[in-house]
Amino acid sequence: MYGARTVLRLSLTLRSARRLGKAGLMEGPPPPGAAENGPRAPGEEHSPVVQETMVTEGAAQIAFPSANEVFYNPVQEFNRDLTCAVITEFARSQLAAKGIRIKVPGEKDVQKLVVDLSEQEEDRKEVQEAAGDQPPTASAGEVCQEGLRVLEGLAASGLRSIRFALEVPGLRSVVANDASARAVQLIRRNIQLNQVAHLVQPSQADARMLMYRHLPAAERFDVIDLDPYGSPAAFLDAAVQAVSEGGLLCVTCTDMAVLAGNSGETCYSKYGAMAIKSRACHEMALRIVLHSLDLRANCYQRYVVPLLSVSADFYVRVFVRVYTGQARVKASASKQALLFQCVGCGAFHLQRLGRAAATGGRVKYSAACGPPIHPECEHCGQRHQLGGPLWAEPLHDLDFVGRILDSVTAAPSRFRTSERIRGVLSVVTEELPDVPLYHTLDQLSSTIHCNTPSLLQLRSAILHAGFRVSLSHACKNAVKTDAPASVLWDIMRCWEKECPVKRERLSETSPAFRILSVEPRLQADFTIREDANPSSRQRGLKRFQANPEANWGPRPRARPGAQGVPTPPEERRRLRQNKRKDPGEDAAHRADRLKVFPCKRFKEGTCELGEHCCYSHGPPTPTSTAAAPQDPEGTPKQSPPRPASPAGPGGD
C-alpha cells in the first residue's frame with residue numbers, strides 16, 4: 001500500500017512539472033536538444049531531426065529531405081529544362097499579341113517578336129512605332145499583370161514551380177499544388193528560401209478537385225503542368241477543362257511498360273487504346289497519349305493541337321494547346337487510326353477511323369472503309385495484331401519547335417542540358433511529320449537473318465528508290481519513311497544477295513524463308529548519297545542520352561512519414577535476391593518433387609545421383625566431406641554405386 005502511494009505521488013509530481021514546463025514557468029537550463037531544434041508548439045510531439053539535402057538546379061536552390069518523403073529525380077532535369085524553354089516561347093507568343101515583350105535570361109537585349117499578328121494588332125504596332133513608344137517588357141522573377149497563370153498540379157517539393165518563377169518571364173502567378181501536407185510544408189520553405197513568395201502560391205488539395213474548381217472561363221489556367229508518378233490518366237479529364245482557350249497543357253507519362261505494349265488491357269483502361277509490342281513502341285506511346293487527350297477534350301467540345309511530343313529516357317512528354325470548337329471536333333475521328341501489325345515481319349498499316357472529304361467549300365465527315373490488308377501478311381504469311389486507336393496526325397508544330405531551338409541556341413548557358421535539348425529538337429525538325437511510326441535497322445535485318453547494313457546504306461537505297469526517309473528522336477536505329485513495306489523488303493532482298501543467308505537453315509514456314517523466296521522487283525542501289533546523312537548526325541549533336549549515373553531511371557515512390565536515410569538501391573537489390581524461391585526443405589522431399597525433371601545424364605543412365613537426380617544439380621564435389629542425402633528419418637542414404645571405370649580399351 002505504501003508503494004502504491006509513493007508511485008501516485010511521483011506521477012502527480014511529474015504531471016505538475018510537465019504543466020509548468022509547457023507554460024514556461026520552470027526555472028533552470030533547457031533540456032538537451034531544445035536549443036538546436038527550436039521551440040515547439042504546445043502539445044507538439046518531439047520528432048527527430050530531419051536530415052536535408054540542398055539541391056541546386058537552374059536558378060533554384062531546393063531543400064530536400066534525405067529520407068524519401070518527397071519525390072525527386074535528378075535525371076529528369078532535361079524534362080524540367082525543356083518545359084521552361086517551351087513555356088518561355090509560349091509566353092513570348094502570347095504576350096507579343098498584347099504588345100508586351102519578354103526578357104529571357106541569357107539572351108541579347110534585341111529580341112524579335114515572333115508571332116502571327118492580326119491586322120488590328122499590326123496597326124496598333126505601327127502606331128506605337130510611329131509614336132516612338134517602347135513596348136513594356138516582362139522579366140523573369142517579376143509579376144506581369146497581363147501574364148500567364150500557371151498550375152503545377154503535383155508539385156512535390158515545388159522545384160518546377162520555383163524554376164518557372166525564376167527563369168520564365170511573363171508570369172502573373174504560379175500555383176504549386178500537392179495533396180501531401182509534408183510536401184506543401186516543404187514547398188513553403190523552398191518558396192521562402194528562393195524569395196519567390198510574390199509569384200508562387202502553395203496549395204494543398206487534390207489536383208483534380210483544384211482544377212474542377214477553376215472551370216469558369218475567367219478562372220482557368222493558361223498553363224497546366226502534370227508530372228505524376230506513373231500514369232496521369234486520372235487527371236486528364238479535369239486538365240482539359242481547366243486550361244484556358246488556346247492554353248498550354250504539359251503532361252508526362254512514366255508508365256512506359258503499359259504504353260509500350262506489356263499490358264495492353266491496362267493501357268486500354270487508362271488511355272482508351274490497345275498498345276501492342278512493337279519496335280516503334282516509344283512513338284506509339286506518344287500517339288496513344290495524344291489520342292487520350294483529344295478523346296477527353298472532345299467530350300467538352302474541345303480539341304488538342306500538339307506543339308511538341310518527346311520520348312526521352314523512361315518517360316514521354318507532350319505539350320499541346322487546347323481549343324474549343326464544335327466544327328473542329330467533328331474532324332477528330334479522322335485524326336485517329338487503328339494499327340495492323342504483322343507478328344512475323346513487323347510490317348504495319350494504319351486504318352483511319354473516319355474520313356473527311358471537302359466538297360464545294362464544305363467538309364463532309366463519314367466512316368472510313370477497310371481494312372487495308374488481308375487476314376494474312378502478304379510478305380510472310382503471318383497473322384496481324386490490332387492496336388490503337390492512336391493519333392495519326394503530326395506530333396509537332398515544326399515552326400514552334402524551330403523557335404525553341406533558336407532560343408536555346410542563342411542562350412546555351414541558360415540550361416545545363418542545353419546540348420541535349422539542341423540535339424533532340426534538331427532531330428525533331430528533321431522527322432517526316434506526315435509519316436506515323438517507323439521501322440528499325442536491326443528489325444529488318446534480324447527478320448531475314450542477314451548481316452545488318454549501315455544506316456547510310458539503307459537510307460541511300462530508299463532515297464535512290466524515290467522515297468523520303470528520316471531519323472526519329474525516339475530511337476537511334478529508326479528508319480521513318482513513306483516507302484511501303486514491299487519496297488523495304490525488296491531492298492533487303494537485294495542486300496541479302498550481297499550478303500547471302502544459308503537458306504538450308506531456314507524453316508519453310510519462317511518469315512525469312514517466305515520473304516527471301518520472292519525475287520525483288522526493285523533493284524536497290526546502296527551507293528552512299530550526301531543527303532542520306534542528316535545534318536544533326538553530321539554535326540555530332542547529342543541526340544540520345546547516355547546513362548547519366550548508376551542505377552538511374554524511375555525512382556521509388558515517395559513514402560510519407562519515411563524516417564532516416566533510405567536504403568541504397570544496391571542494398572535493396574541484395575536483400576531481394578532469391579525472395580521468390582521456395583523455402584528450404586528436406587533433401588529427400590526435394591528429390592521426390594523434382595524427380596519429374598531429370599537431366600540428360602539421367603535419361604542416358606549415367607547420372608551419378610541416380611534416383612535423386614533433379615534437373616538443376618551441380619557437378620559432384622571431389623571432396624569426401626560432401627553431405628550425403630538423407631531420408632525423412634534423418635539417416636543418410638547410400639548413394640547408388642558408380643559405374644566402374646573400364647579396365648582397358650576392351651573393358652566393359
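Let me start with the sheet in this predicted model, an open one of three strands in the order β17-β19-β18, with antiparallel pairing. The edge strands are β17, residues 439-440, and β18, residues 469-472, and each of these pairs on one side only. If you follow β18 across to strand β19, which covers residues 475-481, you will find that the two run antiparallel and are joined by three bridges, and that Ser472 stands opposite Cys475 in β19. As a reminder, strands of a sheet pair through backbone hydrogen bonds, either parallel or antiparallel.

Let me turn now to the nonpolar cores. The largest has 51 residues, and those with the most contacts inside it are Met211, Ile224, Leu249, Leu259, Ile288 and Leu293. Helix α11, residues 281-298, contributes the largest share of this core, namely eight residues. To take one residue as an example, and leaving aside residues up to four places away in sequence, Leu249 touches Ile224, Ala239, Val240, Leu293, Val318, Phe319, Val320 and Val322. There is also a second, separate core of 49 residues, which includes Leu159, Ala165, Val174 and Val196.

Finally, the cavity. How many cavities of 30 Å³ or more does a search of the whole structure find? The search finds one, and about 80 Å³ of space lies in this largest cavity. Its lining includes Glu283 and Arg287, then Pro394, Leu395, His396 and Leu398, and further along Val428, Glu431, Leu432, Pro433 and Val435, together with Lys480. By class, that lining has seven nonpolar residues, one polar and four charged.

Note on methods
Residues are numbered from 1 along each chain as its sequence is written. This is a predicted model: local features need pLDDT of at least 70, side-chain atom pairs count only at pLDDT 80 or more; totals for chains, interfaces and linings use all residues. Side-chain values use heavy atoms; hydrogens and water are left out. On a 1 Å grid over the protein atoms alone, a cavity is a set of points where a 1.4 Å probe fits but cannot get out, and a pocket is an open set with protein on both sides within 12 Å along at least five of seven lines; lining residues have an atom within 4 Å of a point. Grid points are joined across faces, edges and corners, and a volume is the space filled by probe spheres set on the points. Ala, Val, Leu, Ile, Met, Phe, Trp, Tyr, Cys and Pro count as nonpolar, Asp, Glu, Lys and Arg as charged, and the others, Gly among them, as polar. Two strands pair if DSSP finds at least two bridges between them. Helices (H or I, at least four residues) and strands (E, at least two) are DSSP runs, numbered from the N terminus. A nonpolar core is a set of buried Ala, Val, Leu, Ile, Met, Phe, Trp, Tyr and Cys residues joined through side-chain atoms within 4.5 Å. Buried means under 20% relative accessible area, exposed over 50%, partly exposed in between (1.4 Å probe, protein chains only). Contact means heavy atoms within 4.5 Å.
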